[in-house]
Amino acid sequence: MRLAIVLTEGFADWECALLMATARTELGLDVLIATPGGTVVTSMGGLHITPHLPTKTLAPTEFDALVLCGGSIWKTTAAPNVTAMVHAFHAKGRVVAGICGATLGLAASGILDEADHTGNSAESLSAVAGYRGHRHYRDQPQALRSGRLVTAAGTAPVSFTAEIFHALGLGSAALDDYLSLYGKEHAVVQAAR
């Protein structure tokens with residue numbers, strides 16, 4: 001099984017890190033990084049990433065999932081147009097996922113217009129030209145899976161990871177227990193308050 005992770009300049013380091021590490025080390029999946037133009041990108045934290053391939057070469061017949069990582073670029077005019085790629089993967093029944101700012105790219109593609117989804121906020125998605133998915137927006141802190149579409153706020157990388165694995169048919173009680181370890185600190189903090 002192969003995952004295509006799209007990273008852009010200024011991507012959010014934490015949003016796909018657990019997904020990539022767990023996919024490779026725990027599940028033995030191939031994880032390939034793609035960037036617009038196939039160029040080196042730098043994360044918000046200063047991590048330089050050399051991609052495996054440019055986004056324009058991503059073919060849904062070669063991957064089981066397309067994952068768009070969030071970051072600062074998605075709110076700018078420099079954001080990549082992912083519409084054709086998203087629709088190609090969706091049409092082939094592949095998992096399509098976006099977290100944080102990348103949900104803006106999904107909104108611009110129209111893929112969220114008829115599917116339940118979440119993101120950083122209803123307001124941020126409403127600012128996207130052509131977005132018509134208002135009635136399907138769900139205001140929740142966890143990632144949301146709607147069929148083979150997964151969306152999340154930038155504060156939900158753990159449930160984002162879990163929902164992608166479930167959408168791929170790889171979910172299990174053991175995997176959920178493993179991933180829940182990463183969220184325990186938040187439950188303890190809430191209980192202490």
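Which residue is the bridge partner of Leu3 in E2? In the predicted model, the partner is Val31. This pair belongs to the ladder between strand E1 (residues 2-6) and E2, two strands that run parallel and are joined by 5 bridges. The connection between these two strands passes through helix H1 (residues 13-26), and E1, H1 and E2 together make a right-handed β-α-β unit.

Strand E2 covers residues 30-35, of which 5 of the 6 are buried, so the strand is largely enclosed by the rest of the structure. E2 also pairs with strand E5 (residues 53-54), in the parallel sense and over 2 bridges. Within that pairing, Ala34 of E2 has Leu53 of E5 as its bridge partner.

These pairings form part of an open sheet of 7 strands with mixed pairing, in the order E5-E2-E1-E6-E7-E9-E8. The edges are occupied by E5 and strand E8 (144-146); each has a single partner strand, so one side of each is left without a neighbour in the sheet.

Strand E1 is also joined to E6, by 4 bridges, and the two run parallel. Leu3, already noted as the partner of Val31 in E2, stands opposite Ala65 in E6. Strand E6 (residues 65-68) pairs in turn with strand E7 (residues 95-99), in the parallel sense and over 4 bridges. In this pairing Leu68 stands opposite Gly98, and the bridge partner of Val67 in E7 is Ala97. The chain passes from E6 through H2 to E7 in a right-handed β-α-β crossover.

In a regular strand, side chains alternate between the two faces of the sheet. In E6, Ala65 and Val67 point one way, whereas Leu66 and Leu68 point the other way, and all are buried.

Two helices that contact the sheet were examined next. Helix H2 (residues 83-91) packs on the sheet and touches E1, E6 and E7, with its direction at about 145° to that of E6. Helix H3 (residues 102-109) lies across E6, E7 and E9 and runs at about 125° to E7.

His90 lies in helix H2. With a relative accessibility of 44%, His90 counts as partly exposed, because this value falls between the 20% and 50% cut-offs. Apart from neighbours within four places in sequence, His90 is in contact with Val96 and Ile111. The C-alpha atoms of His90 and Leu149 are 8.3 Å apart in space, while the two residues are 59 residues apart in sequence.

Packing between helices was described for two pairs, both involving H1. The general descriptors are the angle between the axes of two packed helices and the distance between those axes. For H1 and H5, the axes come within 8 Å and cross at roughly 45°. This angle makes H1 oblique to H5. The crossing of H1 and H5 is right-handed. From H1, the residues involved are Trp14, Glu15, Cys16, Leu18, Leu19, Thr22 and Ala23, which meet Pro157, Val158, Phe160, Thr161, Ile164 and Phe165 in H5.

For H1 and helix H6 (residues 173-180), the axes come within 13 Å and cross at roughly 135°. H1 and H6 are therefore also oblique to each other, and their crossing is right-handed. The contact is made by Leu18, Thr22 and Glu26 of H1 together with Leu175, Tyr178 and Leu179 of H6. Leu18 and Thr22 of H1 thus appear both in the contact with H6 and among the residues that meet H5.

The N-terminal side of H5 was considered through Ala156, which lies in the loop between strand E9 (149-152) and helix H5 (157-167). Ala156 has a relative accessible area of 5% and is therefore buried, the cut-off being under 20%. Ala156 and Gln142 are 14 residues apart in sequence, and their C-alpha atoms are 5.6 Å apart in space. Gln142 is also one of the residues in contact with Ala156 once neighbours within four places in sequence are left aside; the others are Ile99, Pro141 and Ala143.

Methods: Residues numbered from 1 in each chain as written. Predicted model: local features only at pLDDT ≥ 70, side-chain atom pairs only at ≥ 80, totals over all residues. Heavy atoms only, no water. Buried < 20%, exposed > 50% of the residue type's maximum accessible area, 1.4 Å probe, protein only. Pairing = 2+ DSSP bridges. Right-handed = clockwise from strand over helix to strand, strands pointing away. Axes fitted to C-alpha atoms, helices over the stretch in contact; angles between N-to-C directions. Parallel < 35°, antiparallel > 145°, perpendicular 65-115°, else oblique. Left-handed = near helix turned anticlockwise from the far one by under 90°. Contact = heavy atoms within 4.5 Å.
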